[in-house]
Amino acid sequence: MLPLLGTELRRPEDYANEKLEEFKKLFGTSPNQVHDARVELRKYAVVVEALYPLHMDFDLLDNSRGILKLLGKVRDYDVHGCPRVDREEVLRRVSARLPRLRRLPRLYGSRFLVAENLMRIYGDIPFVNDFHGVRKLLRRARFLAESLGIFNDSLKELVKTMGNERDRMAQEACQGKIPVLNLDVSRIKEIGRMEVREILLSDHEFR
């Protein structure tokens with residue numbers, strides 16, 4: 001059922017702010033801390049990017065992307081063993097940038113803008129043919145849907161499967177092998193688009 005008139009709807013900026021707080025609590029120097037904190041920061045960053053036309057805070061957008069990139073280097077080294085990085089130095093650079101991560105203010109129209117982003121992703125999926133591009137689109141769709149309070153377990157599992165495949169191929173590349181994709185991208189696109197469609201047709205005010 002649709003929410004009753006007057007019911008408080010999940011606000012994407014609140015979701016982003018919760019993920020930012022989780023990131024700050026989890027961030028540390030161990031591999032598990034880096035991985036877990038990075039997941040929460042990505043959820044924050046996805047919403048920050050989607051809502052950029054409303055908050056227009058480029059520093060926030062650029063800084064969250066930059067920290068994600070730095071943590072990605074550490075995470076890949078921890079998981080795959082390459083490319084080699086100076087973990088201590090990279091994490092020091094991350095720590096120096098943390099104060100520039102800020103909470104989003106209340107933004108009028110945030111739910112509509114996120115729904116618009118989801119519709120755009122639905123339309124873009126057929127035209128993206130590389131594995132990594134499809135994975136990023138579906139991961140983005142998952143987090144945007146969650147920011148509206150819509151949870152899709154099938155999409156979550158699909159994104160997780162693709163992430164595991166990405167790690168496997170990266171591991172093989174680090175071992176000097178030529179990685180071969182073991183997933184059918186066309187089938188993934190078909191399933192992923194179907195799940196995004198389910199999100200768009202679920203019970204919300206933009207249905």
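The paragraphs below go through the helices, loops and charged pairs of this structure, which is a predicted model.

A convenient place to start is helix H4, which covers residues 58-80. H4 has 23 residues, and the distance from its first C-alpha to its last is 32 Å, close to the 33 Å expected at 1.5 Å a residue. Leu68 is one of the residues in this helix. Its relative accessibility is 10%, and Leu68 therefore counts as buried, the limit being under 20%. Setting aside neighbours within four places in sequence, Leu68 is in contact with Arg38, Leu41, Arg42 and Ala45. Gly149, by contrast, lies 81 residues from Leu68 in sequence and 24 Å from it in space, taken between the C-alpha atoms.

H4 also meets helix H8, residues 153-174. The axes of the two helices come within 10 Å and cross at roughly 70°. That angle makes H4 roughly perpendicular to H8, because the range for this description is 65 to 115 degrees. On the H4 side, the contact involves Arg75, Asp76, Val79 and His80. On the H8 side are Arg166, Asp167, Ala170, Gln171 and Cys174. Sorted by type, the residues of the contact of H4 with H8 are three nonpolar, two polar and four charged.

Two of the H8 residues in this contact, Arg166 and Asp167, also form a salt bridge with each other, with their closest N and O atoms 3.5 Å apart. Arg166 has a relative accessible area of 22% and is partly exposed. Asp167, at 15% relative accessibility, counts as buried. The two residues fall on either side of the cut-off, because buried means under 20%.

The chain beyond H4 has some backbone features of its own. Gly81 follows the helix and has a positive phi, near 85°. Next, Cys82 and Pro83 are joined by a cis peptide bond, with omega about -10°. Pro83 belongs to the loop between H4 and helix H5, residues 87-97.

On the other side of H4, the loop between helix H3 (52-55) and H4 contains Met56. Met56 is not a glycine, yet its phi is positive, near 55°. With a relative accessible area of 54%, Met56 is exposed, because the limit for that class is over 50%.

Another loop, between helix H1 (12-26) and H2, holds Ser30. Ser30 is partly exposed, with a relative accessible area of 28%. Ser30 and Arg87 are 57 residues apart along the chain, while their C-alpha atoms are separated by 10.0 Å.

The charged pairs can be followed next. Side chains of opposite charge can pair when their charged atoms come close. How many salt bridges are found in the whole structure? A search gives 23. One of them lies within helix H2, residues 31-50, where the side chains of Lys43 and Glu40 meet. The N to O distance is 3.8 Å. Because Lys43 and Glu40 are three residues apart in the helix, about one helical turn separates them. Both Lys43 and Glu40 are buried.

Glu49 takes part in another salt bridge, with Arg140, the closest N and O atoms being 3.6 Å apart. This pair links distant parts of the chain: Glu49 is in helix H2 and Arg140 is in helix H7 (residues 131-147), 91 residues away. Are these two partners buried or exposed? Arg140 counts as buried, at 16% relative accessibility, whereas Glu49 counts as partly exposed, at 33%.

Salt bridges can also be traced through a network of four residues: Asp57, Asp59, Arg100 and Arg102.

Helix H7, where Arg140 lies, completes the tour. H7 has 17 residues, and 15 of them are buried, so this helix is largely enclosed by the rest of the structure. Its end C-alpha atoms are 25 Å apart, which agrees with the 24 Å that 17 residues should span at 1.5 Å a residue. H7 is followed by Gly149, whose phi is positive, near 85°.

Note on methods:
Residues are numbered from 1 along each chain as its sequence is written. This is a predicted model: local features need pLDDT of at least 70, side-chain atom pairs count only at pLDDT 80 or more; totals for chains, interfaces and linings use all residues. Side-chain values use heavy atoms; hydrogens and water are left out. Helices (H or I, at least four residues) and strands (E, at least two) are DSSP runs, numbered from the N terminus. Buried means under 20% relative accessible area, exposed over 50%, partly exposed in between (1.4 Å probe, protein chains only). Axes are lines fitted to C-alpha atoms, for helices over the stretch in contact, and angles run from 0 to 180 degrees between N-to-C directions. Angles under 35 degrees count as roughly parallel, over 145 as roughly antiparallel, 65 to 115 as roughly perpendicular and the rest as oblique. Contact means heavy atoms within 4.5 Å. Ala, Val, Leu, Ile, Met, Phe, Trp, Tyr, Cys and Pro count as nonpolar, Asp, Glu, Lys and Arg as charged, and the others, Gly among them, as polar. The expected span of a helix is 1.5 Å times one less than its number of residues.
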